[in-house]
Amino acid sequence: MARNVEAEEYATFFDLTRSLGEHWELGLGGRYFRQTTEADIETTLLLLSGIPATGAISDILTPLLGDIGGVAAGSLGRDVGEVAETVFNPKMTLKWRYSDEFSIFASAVKGFRYAGANQNPSRDPDVPLFFKSDNIWNYELGLRTEWFEGAIQFDLTAFYLEWTDMQVQQREYTGAFAYTTNVGGAENTGIEFGLNTLLPGGFAVKLNGSYVDAHTTTFFDDFQGPAEAGTELPGSPPVSASVLVAWLGNVGSAEIVSTVNYTYQNRNYNNLAQTYEHPAMKLLGASLNIRFPNVWGEPSINLVGNNLTNEFEPGVVFDTPNTGGVLTIYNPPRSVSLGVEVNLR
């Protein structure tokens, strides 16, 4: 397959912040751009001697070869075209600051991803040459606070995301090749928080969490099955959280930094058709760094452990329609590493 795709973009943007009195601050910005993508893609049949008469390879190639016979080189088709888009993405923010330790903000921001071109080796008539850019409007309302002279920081944000012309990967009729197309849209509503604390005795705690409801807004006939409006977006766990506890201190002449961290991710699905449900994932890790600044070479010892409970769960599952199977990628198993470092300067 000969593939020549060229993209060109011209853009201008601005960002303005203005104080309105003692407590208010207004921000306005935007990005105006024009993008052009040109594609010249030709599918060529090469010499195919030695291909088995049966099996998965034959099943894929047989409908592609047709009357050509699979032995003579030649062009199966050529697609030439251009897609051009002119887009303006605005940004608006408003902040009310009671003090340096307490503020409330609201924002509305539009984002995008570029358009592009698809390859189509099987010459499937349902595969479009181009896919459009997709657009996101993100609305946020948040709270930022500090307490006890910065010893505690607490942030809380609610958000609503509206996703239009969502780019989704599909498969052509043989199931062997992927392409990208645009789907009606999706909505994402949620809330997230972050808490940072400095505690007596050299301890610190960092806690984050979120709840997300992400789903489609229109029906979509996914290549692995139909997805009704309201279907949960793949790879979007409703609940996720993490906590990190650190201790920094001295023992004799040694400086010590130690951490323990725990991450939780709720169950989620592998695709829009929800053919597989990824189980919840719970990962525990820890680290220890011991440094001797007053010893020649300032030696340090680093001990790092990941997935200490050795949770062995599927992290990503891909359906492979052309073979009727699945490809499973598991999260990394337990690992412990030890490192010693000496500065010879």
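A residue counts as buried when its relative accessible area is under 20%. Thr216 comes in at 2%, so Thr216 is buried. That verdict, like everything below, is read from a predicted model.

Thr216 belongs to strand E10, which covers residues 203-216. Setting aside neighbours within four places in sequence, its contacts are Met166, Gly185, Ala186, Glu228, Ala229, Gly230, Thr231, Leu233 and Leu272. One of these, Glu228, is twelve residues from Thr216 in sequence, with a C-alpha to C-alpha distance of 7.8 Å. Another, Thr231, sits in the loop that runs between strand E12 (225-227) and strand E13 (239-251). Loop or not, Thr231 has a relative accessibility of 10% and therefore counts as buried too. Seen from Thr231, and again leaving out residues up to four places away, the contacts are Ala214, His215, Thr216, Leu272 and Gln274. Leu272 thus turns up in the list for Thr216 and in the list for Thr231.

How far can the coordinates be trusted? Averaged over the protein chain, pLDDT is 85, and 88% of the residues score at least 70. Residues 50-58 are a weak spot, with pLDDT below 50 and five contacts beyond near neighbours in sequence. Residues 64-72 also have pLDDT below 50, though this stretch makes 14 such contacts in the model. Where pLDDT is low, the predicted coordinates should not be read in detail.

On to the aromatic rings. Searching the whole structure turns up eight aromatic pairs. In the pair Phe33 and Phe112, the ring centres are 4.5 Å apart and the planes make an angle of 25 degrees, so this pair is stacked. The two partners come from distant parts of the chain, 79 residues apart: Phe33 is in strand E2 (residues 24-45) and Phe112 in strand E4 (residues 102-113). Phe33 is buried at 1% relative accessibility, whereas Phe112 is partly exposed at 23%. Trp137 and Tyr139 form another stacked pair, with centres 5.8 Å apart and planes at 10 degrees. Here Trp137 is partly exposed at 24%, and Tyr139 is partly exposed at 33%. Ring pairs also join Phe33 and Phe112 with Tyr114 in a cluster.

Strand E2 shows up again at the surface. A nonpolar patch of about 910 Å² is built from Phe14, Leu16, Leu20, Trp24, Leu26, Leu28, Tyr32, Phe88, Met92 and Leu94. Strand E1 (2-20), E2 and strand E3 (74-99) are the elements that supply two or more residues each. E2 gives the most, with four residues. Among the patch residues is Leu28, which lies in strand E2 and is partly exposed at 35% relative accessibility.

The charged side chains bring in these strands as well. In total, nine salt bridges are counted. Arg31 pairs with Glu9, and their closest N and O atoms are 2.7 Å apart. This bridge joins strand E2, home of Arg31, to strand E1, home of Glu9, across 22 residues of sequence. Arg31 is partly exposed at 25%, as is Glu9 at 28%. Lys91 and Asp15 meet in a salt bridge too, at an N to O distance of 3.0 Å. This pair spans 76 residues, from Lys91 in strand E3 to Asp15 in strand E1. Lys91 is partly exposed at 30%, while Asp15 is exposed, with a relative accessible area of 55%.

Strand E3 also takes part in the bridge between Asp79 and Arg123, where N and O are 2.7 Å apart. Asp79 lies in strand E3 and Arg123 in the loop between strand E5 (116-117) and strand E6 (130-131), so the bridge ties together parts that are 44 residues apart in sequence. Both partners are partly exposed, with Asp79 at 24% and Arg123 at 27%. Finally, salt bridges connect Glu255, Arg291 and Glu298 in a network.

Definitions and conventions:
Residues are numbered from 1 along each chain as its sequence is written. This is a predicted model: local features need pLDDT of at least 70, side-chain atom pairs count only at pLDDT 80 or more; totals for chains, interfaces and linings use all residues. Side-chain values use heavy atoms; hydrogens and water are left out. Buried means under 20% relative accessible area, exposed over 50%, partly exposed in between (1.4 Å probe, protein chains only). Contact means heavy atoms within 4.5 Å. pLDDT is the predictor's confidence in each residue, from 0 to 100. Rings of Phe, Tyr and Trp (its six-membered ring) pair if their centres lie within 6.5 Å; planes under 30 degrees apart count as stacked, over 60 as edge-to-face and the rest as tilted. Patches are made of residues with over 30% relative accessible area and no salt bridge: like charges are joined within 9 Å, nonpolar side chains (Val, Leu, Ile, Met, Phe, Trp, Tyr) within 5 Å. Accessible areas come from the Shrake-Rupley method with a 1.4 Å probe; for residues, only the protein chains shown count as cover. A salt bridge is a side-chain nitrogen of Lys or Arg within 4 Å of a carboxyl oxygen of Asp or Glu.
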